[in-house]
Amino acid sequence: MTTTEWHLSADLAQGYASGEVSSVLAASVEQHLIRCTACRALLAPSVDRARLDRVWDEVIEHVETPRSTMLERALRGLGVAEGTARLVAATPSLRGAWSLGVVVVLTLAVLTAHADGHGIALFLALAPVLPVIGVAYAFGPATEPTHEIASATPYSALHLLAVRTAVVVASTLVPVAVAAPFLPGNAWLSVAWLLPALALTTGTLALATRLAPHLAGTGLAAAWLAMVVPGLAPSHDPLLAAELPMQLFSLAALAVSAGVLLAQRHDLSELFRRTA
Amino acid sequence: MSPTEKAVTMDDQATDGALLAAVADGSTTALELLYRRHASWLTVRLTRRCADPAIVDEVLQDTFVAVWKGAGRYAGDGEAAAWLWGIAIRRLVDAFRKRPPAAYPIDDHVGDLQLMESAEDRVLLGVEHGDLAGALGRLSPELRAVVQATVLDGLTTREAARLLGVPAGTVKTRMMRARRALRKELA
């Protein structure tokens, strides 16, 4: 719309930039600026160059940061704080290699179960341990490229542990749940792993209030395997892990761990509130 | 876009449209040229709507990060400056959604009434004759702020409500009252 030869005078540009002209006049200045490169240039001296440079540095930093992963964007979309989302997305157990490992182990376990009546014991022993190893793997300094970032963020290790554990457990339980129905035999077997899995991860969380998380996770995983490995021997009951005593034991362990976590709930809720 | 257009050299002579096309192709040089060209007036215009320089800087930053991600959505027709402002004003609304608006400066000088009104402003306001500038100037600051946000900044009722820190219903009633006042005065 070329209505006029009207342009900003130096005074008007100055007055507009300093907020001295009325809003009605400012409105016409603004309508004009949209269409007039020369008048836009008149405003350049009104803004501190160093200030614009500072903002530009921020822009280029954002632009050159690697694009966030889909997982990170999804978490941000759910209202997770930016720092938390990045740390969760950078969790080693959530990378492709780990997920692939989980799928391979599960596939082998299911195949073994079909090949040999005893193979089911392998699945029942491994399935509950996978989320725990995932959690331990998520925290070991040796496997953690973002360990320094994680240590430098204003979250406590416990909060980080809680967030990551939730995500790792969820992401590991899904493939396990998908694999379970392919097991031969009793339908009960396809859910028998769930209670030990929950007990082990809750136990890891509870222990992590006192121990380094990866130590807690590996320790518990080792203890679990020591208990169920006898089931792998041909002379023993392959369904050891699914039998009532082991299930009751898992339930008790889950209750104790949940109790410990509840006792710490004040600390936990503090930690969550701080980042909410 | 033809190959010759794409080969536009990235310098001060390049049009905004060419720069935006280069940004869409991932050129940070083009983004910087665009920033150097538009950051000042955007800052000034944002400052008239938000008194807090920290928020203005943040909005300016968000705007150019959004340009980087969304340059491909620039249709190529129409003023690039208008497109940039459309992003900036919405980033400002978003910033106000995160924290309550410090102030939406409304001044009460009605002395210099040289409104360069455009036909589209008249249509949007539903007034066709008379001294629009004078009539606008005589609106109460609250009504004028609503006219500015909806008509001049092109915001929706909800966006204007966030910008002004009032409920959407209030924006609607104020806009109705502003229209009525203008029509009455210009009839």
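**Two helical chains and how their helices pack**

Of the 276 residues in chain A, 40% are buried. That figure, like everything that follows, comes from a predicted model. Chain A is built from 16 helices and has zero strands. Its contacts reach well along the sequence: taking those with a separation of 6 or more, 73% involve residues 24 or more positions apart.

Chain B tells a similar kind of story. Here there are ten helices and, once again, zero strands, so reading from the N terminus the pattern is simply α-α-α-α-α-α-α-α-α-α. Chain B has 187 residues, and 43% of them count as buried. Among its contacts between residues at least 6 apart in sequence, 59% join residues at least 24 apart.

A good place to start looking is helix H2 of chain A, which covers residues 23-35. From the first C-alpha to the last, this 13-residue helix reaches 19 Å, close to the 18 Å expected at 1.5 Å a residue. Ten of the 13 residues of H2(A) are buried, so the helix is largely enclosed by the rest of the structure. The buried set runs through Ser23(A), Val24(A), Leu25(A), Ala26(A), Ala27(A), Ser28(A), Val29(A), Glu30(A) and Gln31(A), and also takes in Leu33(A). And what does the covering? Chain A contributes helix H1 (10-17) and helix H3 (37-42), among others, while the cover from chain B includes H3, H7 and helix H8 (141-152).

Helix H3 of chain B, residues 28-47, turns up again in two helix pairs. Such pairs are described by the angle between the two axes and the distance between them. Within chain B, H3(B) packs with helix H4 (residues 53-70) at an angle of about 140°, the axes being 10 Å apart. The crossing is right-handed. On the H3(B) side, the residues that take part are Leu31(B), Leu34(B), Tyr35(B), Ala39(B), Leu42(B), Thr43(B), Leu46(B) and Thr47(B). They meet Val56(B), Val59(B), Leu60(B), Thr63(B), Phe64(B), Val67(B) and Trp68(B) from H4(B). By type, the residues of this contact come to twelve nonpolar and three polar, with no charged ones.

The second partner of H3(B) belongs to the other chain: helix H4 of chain A, residues 49-64. The axes of H4(A) and H3(B) come within 11 Å and cross at roughly 150°, and this crossing too is right-handed. From H4(A), the contact uses Leu52(A), Val55(A), Trp56(A), Val59(A), Ile60(A) and Val63(A). Facing them in H3(B) are Thr28(B), Leu31(B), Glu32(B), Tyr35(B), Ala39(B) and Ser40(B). The tally for this contact is nine nonpolar, two polar and one charged. Leu31(B), Tyr35(B) and Ala39(B) appear in both contacts of H3(B), the one with H4(B) and the one with H4(A).

Further along chain B comes helix H10, residues 168-186. At 1.5 Å a residue, its 19 residues should span 27 Å, and the end C-alpha atoms are indeed 27 Å apart. The buried residues of H10(B) are Val171(B), Arg174(B), Ala178(B) and Leu182(B). Because they cover an arc of only 70° around the axis, they sit on the same side of the helix. That fits a general feature: an α-helix has 3.6 residues a turn, so residues three or four places apart point the same way. The face of H10(B) turned away from the buried side carries exposed residues, namely Gly169(B), Met176(B), Arg180(B) and Lys184(B).

Two of the buried residues of H10(B) can be paired with residues from elsewhere in the chain. Gly134(B), in helix H7 (residues 132-138), has its C-alpha 9.7 Å from that of Leu182(B), although the two are 48 residues apart along the chain. With 14 C-beta neighbours inside 10 Å, Gly134(B) counts as partly exposed. Glu142(B), in helix H8, lies 9.4 Å from Ala178(B), C-alpha to C-alpha, across 36 residues of sequence. Glu142(B) is also partly exposed, with 14 C-beta neighbours inside 10 Å.

Chain A offers a pair of this kind as well. Val228(A) lies in helix H14, residues 213-228, and counts as buried because it has 21 C-beta neighbours inside 10 Å. The C-alpha atoms of Val228(A) and Leu122(A) are 9.0 Å apart in space, while 106 residues separate the two in sequence.

Conventions
Residues numbered from 1 in each chain as written. Chains lettered and ligands numbered in written order. Predicted model: local features only at pLDDT ≥ 70, side-chain atom pairs only at ≥ 80, totals over all residues. Helix = DSSP H or I, 4+ residues; strand = E, 2+ residues; numbered from the N terminus. Buried ≥ 20, exposed ≤ 12 C-beta atoms within 10 Å, placed from the backbone. Contact = placed C-beta atoms within 7 Å. Axes fitted to C-alpha atoms, helices over the stretch in contact; angles between N-to-C directions. Left-handed = near helix turned anticlockwise from the far one by under 90°. Nonpolar A, V, L, I, M, F, W, Y, C, P; charged D, E, K, R; others polar. Expected span 1.5 Å × (residues − 1). Arc of directions from axis to C-beta.
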